[in-house]
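Hi there,

Here is the structure I promised to pass on to you. Please have a look at it first, and my notes follow below.

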Amino acid sequence: MVSKVLDWNKYRSACIDAAAEGIVMLENKGDVLPLADGTKVALFGRMQTHYYKSGTGSGGMVNVHHVTDIREGFMEQPGITLDSELMEIYDKWDEENPMDPGLGWGKESWSQPEMPLSREVADKFAAKNDVAVVIIARTAGEDRDNSADMGAYYLRDTEEQMISVVSQAFEKTVVLLNVGNIIDMSFVAKYDIQTVLYVWQSGMFGGTAVAKVIAGEITPSGCLPDTIAKSLEAYPSNSNFGNVDILEDTYEEDIFVGYRYFQTFAPQDVLYPFAEGKSYTTFEYGDITSEYKDSTLVASCKVTNTGSYAGRKAVTVFVKAPSGKLSKPARVLAGFAKTKTLAPGESETVTISAPARYFASFDDDGRTGLGTGLILDKGEYIVYMGGNVSEVSEIGSFEISDTTLVEALSCALAPRKNFKRMVAIPDGDGFKVGYEDTPVATVNMLDDRMTRVMPEIPQTGDKGIKLIDVKNGKATMEEFVAQLTDEDLSLIIRGEGMGSPKVTVGTAAAFGGISKELMAMGIPTLCCTDGPSGMRIDSGKKAFSLPNGTCLASTFNPDTIEELYTYCGIEMLINRIDSLLGPGINIHRHPLNGRNFEYFSEDPVLTGKMAVAQVTALEKSGVTPTIKHLCANNRETKRRDMNSVLSSRALREVYLLPFEIAIREGKARSVMSSYNRINGRYSANNYEQNTMVLREQWGYTGIVMTDWWAYIAKNGDDSKDYNLTSHSVMARSQNDIYMVCAHVEKSDLLETDCYKDLTEGDGSRITRAELQRNAMNILRFAMDTPAMDRINGNEVTVEQIDNPFKDEDVRVSADVYYDLDDSVEIPVTADTKEGKDIVFGISASKPGIYLIDLKGRSSLGELAQIPMTVYIQSIPISVVTWNGTNGEEVCHQAKCMMYSRNNVYRIHFGGNGVEITGLKISYKCPIGED
């Protein structure tokens, strides 16, 4: 039996190290940081005790036992003294002005009201402190975008007032940005601020990481994964982002995303360039070399720490391709590396290798005379090395004598409507913006789909072959699949969720051995749960919350990410979770995308390399990541309805490239498709994406699953006529699993179209051979999972060292579900008087409005207030405040909606003292009739 070790202290250290390494220092005038021992600090901003560990939604809903906020982190540093009087002022105001929790999915406030601050108060604390530290915080979230409003992308008036009076009163002002994504930075020049750091949303230990950097225990080495422009309007995608009236984003900027645009056309519009990040120390480059050989660029240099502090340095390599028949950006990132922590005077040689495909161009209409595909135009390629994109130095060049085809590729996913795309027109020593007609699709690759499908396997009925026999080489996969009935084939392409009782309580879905019949054949029931910043387990079970994607990308260090996620993978094993739904590897096309916090960068190579690190780490631990969301999912508003219109070239060079890197280099074997349409076709049923690009061109052999409750075009075409049940056209596209159905057993067979289309149809929508192919994709994946090992007696054991959750009483197995038709009484066994959560599952027979009736008492006096929050699937849906009752029993009622069949409830108390004596859930009425 295989065993692993999870040392929770080392895991915690890895979290802190990654969070600290991702912190980006943009300003440090006068070397205000690091703070000297004995520094007296005045901490401003109500969010000093409300650190945003992550954004919200599936990417951040991790239940934790504690979040270290920034104030707490500072108090851990013996060399920093915080002003206690100022802290008391903020605590009192915070108590009188409680945080808005934002009840419901996607209802959270993007920021919280800030305490008004006068110049007199600022002057008072400036007189007795050395440095002011101001905290600005923003959350972020799924299913809604950021907005160009105060309190969102821009500062609130009270935040501006705070920065203004503090920076006038103090000689040294430090601003910390606890945000998920970049915000407007015009305030930096407006006020007398010395130091600014993006500390991001860095997980549950973020406050500790911030304090270690401020105190100089760790030297900042993070670099911006995005360009910060002087204005929102300067971003080339701004006029084509988030149009809710036409539900369509046209990517007119084409390949000119982020720094590719600014470096080519508008460097004057940049406030902070891509890869910018300052340090407490200084570095020098030497022994620089570059060579292009065998379709690979290799560059190296010796990095020497020439300053007074130990620190790390990220080194970047950019390439400028010649202007030929294809328009080119001025520079593209070809690769990067990070040194170890170098002591003053210490050196390290770093080597960066970049395959030609990273800086090749995609010819989507054959204009170079070599057909469609990735090409290198003839001419001189200039190589740059250094730090941020604006300050790198030319270190060499190489010549391509003839235009070369790197890889022939058909234009799958090409647009089906005419539009103009941006091009770079040579203009003296630079370029000016031009536009050209975008090449459009000329064929429908779905028409000859059967030429790419294996022959149907004759069905044999049950021969007693189990899936373990295939894994052990005693039978072939074809022999096993021959046993699957039409019913089996129609059910195996479904996942059950959320909160399926067949797997770990409170997770996103069960799939694979999803029905009794499939389980009887030795197919394991697999469990996946939301990520990527740690495990979302809606039962309230605690997990580690990790730094968000933007923070991780800012490290520019895949090794740091791999170490962190190796621990995360072992944590997944403990919780019997086979697949983490992450990393998210969509591109930061526009700063207002609400889910940018979950993704990495505006650059595809940086994004792809971060994804490879996570894939490698989780697979090394025996579990699997699911890279998402394929593809062009770059906004949240109306995400299931919108259409991303873009060229084949933009897809290949920007939006598909991270997925290609994760699959070809990282060997990713689980992919999630996106909600949106790509050039008119829903991702869930997009044949050219799910078969032609993934399988035929990249050689992908893993599974593809839909996003949860994804739309499918009824006929699998460009129509907006969609539903959730056209599983036939989903499966024929080679999207293998529909996520999710409320319940999956043989009795649910006819709830989707697949069985009827298979047994009564003419094969135009689905064939048996295609479903057998999908089943084989799923089964190959299932054979190499912890669930497969477990059902065959080979479960991996984990020795836990210093487990912080050892006293937790939340169960992993699903034996706490209650069936609900009209009403059900829930036994209360949790000791709520001691503040323990009540956790249970409800299997509701129908969606609707439900009432939650509670009885309870408290021995506290009538003025006592104990808030109670009701969560369903980790989403807060109601807050009830209990007063003390002097021991008398009282009743409270809350109301909620249940859409899904399986729902995990968690009733959380904000303090001790309430004894719940009765709990009942009752159906009230259909949704919309309340």
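Please bear in mind that this is a predicted model. I'll start with the surroundings of helix 5. Strand 3 (39-44), helix 3 (84-96) and helix 4 (119-126) are among the elements that cover its buried residues, and so are strand 5 (131-137), strand 6 (173-178) and helix 6 (187-190). The buried residues themselves are Glu159, Met162, Ile163, Ser164, Val165, Val166, Ser167 and Ala169. The length of the helix also checks out: with 13 residues (157-169) at 1.5 Å a residue, helix 5 should span 18 Å, and its end C-alpha atoms are indeed 18 Å apart.

Helix 16 (residues 648-655) is mostly covered too, with eight of its eight residues buried. They include charged residue types you may want to look at, namely Arg649, Arg652 and Glu653, alongside Ser648, Ala650, Leu651, Val654 and Tyr655. The cover over helix 16 includes helix 8, helix 15 (604-620), helix 17 (657-664) and helix 18 (687-697), together with strand 16 (361-363) and strand 21 (420-427).

Now to the aromatic residues. The structure holds 32 aromatic pairs. In one of them, tyrosine 261 and phenylalanine 265, the ring centres are 5.5 Å apart and the planes meet at 50°, so the pair is tilted. Both residues belong to helix 8 (residues 259-265), where they are four residues apart, about one turn of the helix. An α-helix has 3.6 residues a turn, so residues three or four places apart point the same way. Tyrosine 261 counts as buried because its relative accessibility is 13%, under the 20% cut-off. Phenylalanine 265 is buried as well, with a relative accessible area of 13%.

Elsewhere, Trp8, Tyr11, Phe205, Phe544, Tyr567 and Phe805 form one aromatic cluster. Two arginines also place their charged ends over tyrosine rings: arginine 677 sits over tyrosine 682, 5.8 Å from the ring centre, and arginine 906 sits over tyrosine 871, 4.5 Å from the ring centre.

Finally, which residues lie closest to the centre of the second largest pocket? They are Trp105, Asp143, Trp709, Ile875 and Tyr899, out of 38 lining residues. The volume of this pocket is about 1200 Å³. Strand 28 (627-630), strand 43 (875-883) and strand 44 (890-898) each supply at least two residues of the lining, and strand 44 gives the most, with four residues.

Happy browsing, and best wishes!

Key: Residues numbered from 1 in each chain as written. Predicted model: local features only at pLDDT ≥ 70, side-chain atom pairs only at ≥ 80, totals over all residues. Heavy atoms only, no water. Expected span 1.5 Å × (residues − 1). Buried < 20%, exposed > 50% of the residue type's maximum accessible area, 1.4 Å probe, protein only. Contact = heavy atoms within 4.5 Å. Phe/Tyr/Trp six-rings, centres within 6.5 Å; stacked < 30°, edge-to-face > 60°. Lys NZ or Arg CZ within 6 Å of the ring centre and 35° of its normal. 1 Å grid on protein atoms, 1.4 Å probe; cavity = no way out; pocket = protein on both sides within 12 Å on 5 of 7 lines; lining within 4 Å. Points joined across faces, edges and corners; volume = space filled by probe spheres on them.
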